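Biologist: Before we discuss this model, I should like each label justified against its definition. Please take the elements in turn.

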Amino acid sequence: MNWIRSSASFAGLCLSAACLAGPGGIFLTGHDPDYHAFVGGNTTGAQHILQDAVNYVTNGAGGNMLLVSDARNPGGDQSDPRNGLTAAGFSYDLADDGSGGGPFMDLHTINLTNYSVIVVASDYGGWLRQEEIDILNARFSDIGSFVNGGGGLVVLAESGTNHATSNRFDFVPHAAAGAQDNQSESGFTVTPLGATMGLVDSDVNGNASHNIFTSWDTNFYGAVDQDSNGNVVSLAGRGKLVPEPASMALLGTGLVGLIARRKRRS
């Protein structure tokens, strides 16, 4: 039985990245299921995107989840990402830029190895802001080591629509670039990779998405779903990443992404 779709208890499972078998995975998407799992025309489909993404990046192991979001409501047609994650059956800790207080821990200093999966909220209709993106970018090496050690990374839409305006997806260990594309989900289709994750076409239609991907490390990522024009909306990959965080020396296919990042940051 699929533990994600059944919302089964995590009791007795390995809860941190350190004891998961092999390297973890990465799922990137232009969908904002943290919004639509709670609000929208197809809440069930959005919940399935979250569930199947987490299942994929953790190799089915589940475990402790960290949700990265801002604590401030930007107003307008947006929803607290906690609502969507809760509707999908997850429990989680919270981290932001250090200003939220209360249940939010400081993303600058939080120990990522206490978790098996990190979910980064969308910037629309979730609450992610540039402040959290900047901290994630600064912790690029830590995130690479986290995935390399078995942790999973799920990154939801970063469109630049509201409060996330630059260097989006730069913290992702294998390079990928997105472009804003706010569109209704109609005629979207799941690829063979998406189908192996458990997704079906009805999961990726009926809500809205906010970015497409224009380039990515093709040696690591595969397309998960695409829009009616053939643009890739979600990417996923799994494999070895960063063994030496101090030098950020990526092995194999990751070397190309590292070189590109250093050029951008120089």
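Biologist: What phi does N59 take just after α2?

Modeller: N59 takes a positive phi of about 55° just after α2. This is a predicted model, in which local features need pLDDT of at least 70, side-chain atom pairs count only at pLDDT 80 or more, and totals for chains, interfaces and linings use all residues. Residues are numbered from 1 along each chain as its sequence is written, and side-chain values use heavy atoms, with hydrogens and water left out.

Biologist: What makes α2 a helix whose span agrees with expectation?

Modeller: Helices are DSSP runs of H or I with at least four residues, and strands are E runs of at least two, numbered from the N terminus. The expected span is 1.5 Å times one less than the number of residues. The 15 residues of α2 (residues 43-57) should therefore span 21 Å, and the end C-alpha atoms are 22 Å apart, which agrees.

Biologist: Why is α2 called largely enclosed?

Modeller: Buried means under 20% relative accessible area, exposed over 50%, and partly exposed in between (1.4 Å probe, protein chains only). In α2, 13 of the 15 residues are buried, so the rest of the structure largely encloses this helix.

Biologist: How do you know that β1 and β11 pair?

Modeller: Pairing requires that DSSP find at least two bridges between two strands. Five bridges join β1 (residues 25-29) to β11, and the strands run antiparallel; T29 has S234 as its bridge partner in β11.
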